[in-house]
Amino acid sequence: MALETVSTNTAFGGTQGVYRHKSKETRTDMTFAVYLPPQAGNGHKLPVLWYLSGLTCTHANVMEKGEYRRACAEHGIIFVAPDTSPRGEGVADDEAYDMGQGAGFYLDATEEPWAEHFRMESYIMKELPGIIEENFTADMTRQSITGHSMGGHGALTLALKNPGTFRSVSAFAPIASPLSCQWGQKALGGYLGGDQSSWRRHDTVALIEDGAHMREILVDQGDADGFLKDQLKPDLLKVACEKADISLNFRLQPGYDHSYYFISTFMAEHIDWHANKLGI
Ligand SMILES: N[C@@H](CCC(=O)N[C@@H](CS)C(=O)NCC(=O)O)C(=O)O
């Protein structure tokens with residue numbers, strides 16, 4: 001698979017790169033960011049931490065504002081940040097920021113006009129891991145996943161649906177139940193159609209209610225997050241985890257909002273936590 005290098009910069013002794021390729025899943029060009037820590041230079045295969053971003057984001061938001069490189073360099077973790085949707089002139093879009101380009105919700109759409117290109121679940125779970133393994137010194141037997149908001153929803157649902165793929169999952173202000181909020185109802189209804197039974201495998205709370213299981217989950221949530229009450233619904237996640245005997249470490253962080261000021265504050269703690277689960 002041909003990979004085009006868009007840029008590379010030395011950072012914390014490693015390399016922050018941006019890469020582009022033609023995706024078979026989305027049938028578009030896709031861009032993603034990879035941070036290779038300094039340990040990558042010695043040829044050893046290194047564990048991978050996936051970061052899925054939120055609404056309106058590309059690979060670049062976390063790369064520029066997430067402040068993950070120092071901790072990844074310390075632990076020797078490869079950090080991968082994909083885009084949040086297919087993009088381009090021929091790709092369907094919506095006028096609003098919460099649907100279409102920049103808002104792929106980490107699922108494979110079944111409805112028109114989205115089905116042709118919006119295949120983010122297959123892209124993240126099937127296509128991109130192969131590209132990472134082929135092009136970087138990545139140990140794909142040691143992967144963990146995290147994400148923010150829509151990307152927190154992506155991280156939690158993908159981890160729950162793919163037991164054995166990720167050693168650990170955490171999230172920053174995740175959309176805990178798309179079934180129960182406006183963002184999710186609009187997106188799932190648009191991408192998957194009106195039959196809500198098909199939505200359940202794209203909803204963290206519903207997946208847990210339906211039997212999916214993780215031993216532990218770490219979630220940070222700012223209490224000054226403007227989306228907390230109407231869109232994120234962490235209380236539903238707390239109840240579901242308690243009933244399913246999932247150990248949820250939910251940390252309500254006073255004063256923090258939904259922004260990258262919040263994410264960057266707790267990023268290193270999430271990386272430390274994943275490093276421990278990855279056996280570093
Ligand atoms: N733009 C939206 C908010 C979208 C938003 O907050 N997106 C979050 C993820 S859900 C984000 O990370 N935005 C990009 C950034 O802060 O760099 C609005 O006007 O309400």
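This briefing describes the fold, selected residues and ligand surroundings of one protein chain. The model is predicted, and its protein chain contains nine helices and nine strands. The radius of gyration of the chain is 17 Å, close to the 19 Å that the globule rule gives for 280 residues, so the chain is as compact as a globular protein of that length. Its strands include six that form one open sheet and three that form another open sheet.

**Overall shape and packing**

- Taken along the principal axes, the C-alpha atoms of the protein chain fill a box of roughly 50 × 40 × 35 Å.
- Of the 280 residues in the protein chain, 51% are buried.
- When contacts between residues at least 6 apart in sequence are considered, 72% of them join residues at least 24 apart.

**The six-stranded sheet**

- The strands of this open sheet follow the order β1-β2-β3-β5-β4-β6, and their pairing is mixed.
- The edges are taken by β1, residues 4–11, and β6, residues 138–147; each has a single partner strand, so one side of each is left without a neighbour in the sheet.
- On average, and with direction ignored, neighbouring strands of this sheet are turned by 20° against each other.
- Strand β4, which covers residues 46–52, pairs with β6 in the parallel sense over six bridges, and leucine 52 has glycine 147 in β6 as its bridge partner.
- Helix α3, made of residues 120–135, lies across β2 (14–22), β3 (29–36), β4, β5 (78–82) and β6, and it runs at about 135° to β6.

**The three-stranded sheet**

- Here the open sheet has the order β7-β8-β9, and the pairing is parallel.
- The edge strands of this sheet are β7 and β9, each of which pairs on one side only.
- Neighbouring strands of this sheet are turned by 10° against each other on average, again with direction ignored.
- Helix α9, residues 260–277, packs on the sheet and touches β7, β8 and β9, while its direction makes about 175° with that of β7.
- Strand β8, which spans residues 216–222, is mostly covered, since six of its seven residues are buried.
- Strand β7, residues 170–172, pairs with β8 in the parallel sense over three bridges, and the bridge partner of serine 170 in β8 is leucine 218.
- Strand β8 is also joined by seven bridges to β9, residues 247–253, and these two strands run parallel.
- Leucine 218 has asparagine 249 as its bridge partner in β9, whereas isoleucine 217 is matched in β9 with leucine 248.

**A residue of strand β3**

- Tyrosine 35 is found in strand β3, and with 26 other C-beta atoms within 10 Å it is buried.
- Leaving aside residues up to four places away in sequence, tyrosine 35 touches Gly14, Gln16, Tyr68, Arg69, Cys72, Ile78 and Phe79.
- Although tyrosine 35 and phenylalanine 79 are 44 residues apart in sequence, they are 5.1 Å apart in space, C-alpha to C-alpha.

**Backbone details in the loops**

- As background to the cases below, most residues other than glycine have a negative phi, and most peptide bonds are trans.
- A cis peptide bond, with omega of about 5°, joins glutamate 112 and proline 113; proline 113 is found in the loop between β5 and α3.
- Phenylalanine 12, in the loop between β1 and β2, has a phi near 50°, a positive value in a residue other than glycine.
- With 16 other C-beta atoms within 10 Å, phenylalanine 12 is partly exposed.
- Serine 149, in the loop between β6 and α4 (150–161), has a phi near 60°, which is likewise a positive value in a residue other than glycine.
- Serine 149 has 25 C-beta neighbours inside 10 Å and counts as buried.

**Surroundings of the ligand**

- The residues around the ligand are Gly54, Leu55, Thr56, Cys57, Asn61, Tyr97, His148, Ser149, Met150, His258, Ser259 and Tyr260.
- This shell around the ligand divides into five nonpolar and seven polar residues, with no charged residues.
- Serine 149, described above for its positive phi, is one of the residues around the ligand.

Key: Residues are numbered from 1 along each chain as its sequence is written. This is a predicted model: local features need pLDDT of at least 70, side-chain atom pairs count only at pLDDT 80 or more; totals for chains, interfaces and linings use all residues. Two strands pair if DSSP finds at least two bridges between them. Helices (H or I, at least four residues) and strands (E, at least two) are DSSP runs, numbered from the N terminus. Axes are lines fitted to C-alpha atoms, for helices over the stretch in contact, and angles run from 0 to 180 degrees between N-to-C directions. Two residues are in contact if their C-beta atoms, placed from the backbone, lie within 7 Å. A residue is buried if 20 or more other C-beta atoms lie within 10 Å of its own, exposed if 12 or fewer, and partly exposed in between; C-beta atoms are placed from the backbone. The radius of gyration is taken over C-alpha atoms; the globule rule is 2.2 Å times the number of residues to the power 0.38. A residue is near a molecule or strand if its C-beta atom, placed from the backbone, lies within 6 Å of it. Ala, Val, Leu, Ile, Met, Phe, Trp, Tyr, Cys and Pro count as nonpolar, Asp, Glu, Lys and Arg as charged, and the others, Gly among them, as polar.
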